[in-house]
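Me: I am new to this structure and would like a close look at a single part of it. Please go through that part step by step.

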Amino acid sequence: MSALQVRHSGDAAALLRFGTAGEMATLPQVTLYCTPLAGPTGPEAWFDTGTDAALRVVSIEVREADGDIEAAAAEAYRRLLAQVRPSSHPYMVRVWNYLDAINAGSGDEERYRRFCVGRAAAVDAMFNDPPPAATAIGNTLASGVVQVVALCATTPPLALENPRQTPAWRYPRDYGPVPPGFSRGALVGVGAQTRLLASGTASIVGHVSQHVGDAAAQARESLANLDVLLQEGSRRSGLDFALTRHEALRVYLRDAADLAAVQAALAARLPLSQVWFLQGDVCRRELLVELEGVFAPG
């Protein structure tokens, strides 16, 4: 069975390669401008693709012109849909969004809010019915580009919402003129090959941030959210998903100084052998930790 993998470099930035294990040495690389902090030296295996090419990765980079994040986001998503929709893999399962200075600006001028406006202007109705699982992270190293990496499939995924959290696409106006476009998770595959892909998960209950200023408490709240999402995935699929059966777990930390405290909070609940820690800014400035991962059924 082949695997879609993510490999980190030993340099300041993280390098991603997507493809089968045998192809890893020759695949094109996507450079993430998030600083690696800790984790295994081998590649992240995000999930099994099987042998039928049911999944495909599309990576888009658009350079910002004069710091216009809204226009760059719109262009990135226009290019993405132009590649994906007419292809043999027209369904977006999972999307990663990376941009510089994600929290710069105040009120509706915050760059993340402008990114959401640009994305909403470019996507089609299919994107929002329902939106894919997704993550949006701010780079710790300046790149000058908007990066969108999309995992696409031949058949639609089963989107998941977390009963503990307001769906992001239903957030109130307090969080910007356009709500974020993502579901809390997605199920892909069939039977024992099914994988649950958890979106970026932070310390939010309902739509309100929790434990402001306490990274360890935010990590524990994020794990509680993952627990409930896995229970929902089990209910919807008839399979058994659990926090300890992660094939990969990525943790973004706003402040590298919180690494030890967050590692300790996670180690109390799950093994860290397949957990990667990167420094990256979370989309809400009060949030210090975000988790995302892939889980196999028991």
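Are Tyr 77 and Phe 127 buried or exposed? Please start there and show what surrounds the pair.

Reply: Tyr 77 and Phe 127 are both buried. The model is predicted, with a mean pLDDT of 88 for the protein.

The two residues form one of 5 aromatic pairs in the protein. Their ring centres lie 5.8 Å apart and their planes meet at 85 degrees; planes over 60 degrees apart count as edge-to-face, so this pair is edge-to-face. Tyr 77 belongs to helix H1, residues 69–84, while Phe 127 sits in the loop between H2 and S8, so the pair ties together parts that are 50 residues apart in sequence. Tyr 77 and Phe 127 also belong to a cluster linked by ring pairs, together with Tyr 112 and Phe 115.

The loop that holds Phe 127 leads on to strand S8. Strand S8 covers residues 133–139, and 7 of its 7 residues are buried. Strand S7, residues 91–100, pairs with S8 in the parallel sense over 7 bridges. From S7 the chain passes through helix H2, residues 111–122, to reach S8, in a β-α-β crossover that is right-handed. One of the bridges places Tyr 98 opposite Ile 137 of S8. S8 is also joined to strand S17, residues 281–282, by 2 bridges, and these two strands run antiparallel. There, Gly 138 has Asp 281 as its bridge partner.

A second aromatic pair involves S7. Tyr 98 and Tyr 252 are 6.5 Å apart from centre to centre, with 55 degrees between their planes, and the pair is tilted. Tyr 98 lies in S7 and Tyr 252 in strand S15, residues 246–253, so this pair ties together parts that are 154 residues apart in sequence. Tyr 98 has a relative accessible area of 1%; the cut-off for buried is under 20%, so Tyr 98 is buried. Tyr 252, at 0% relative accessibility, counts as buried too.

For the wider setting, the protein has 4 helices and 18 strands. Of its 298 residues, 56% are buried. Among contacts between residues at least 6 apart in sequence, 76% join residues at least 24 apart.

Some stretches call for caution. In the protein, 86% of residues reach a pLDDT of 70 or more, but pLDDT stays under 50 over residues 7–13 and over residues 17–28. Where pLDDT is low, the predicted coordinates should not be read in detail. The model has 24 contacts beyond four places in sequence for residues 7–13, and 28 for residues 17–28.

Key
Residues numbered from 1 in each chain as written. Predicted model: local features only at pLDDT ≥ 70, side-chain atom pairs only at ≥ 80, totals over all residues. Heavy atoms only, no water. pLDDT = per-residue confidence, 0-100. Contact = heavy atoms within 4.5 Å. Buried < 20%, exposed > 50% of the residue type's maximum accessible area, 1.4 Å probe, protein only. Pairing = 2+ DSSP bridges. Right-handed = clockwise from strand over helix to strand, strands pointing away. Phe/Tyr/Trp six-rings, centres within 6.5 Å; stacked < 30°, edge-to-face > 60°.
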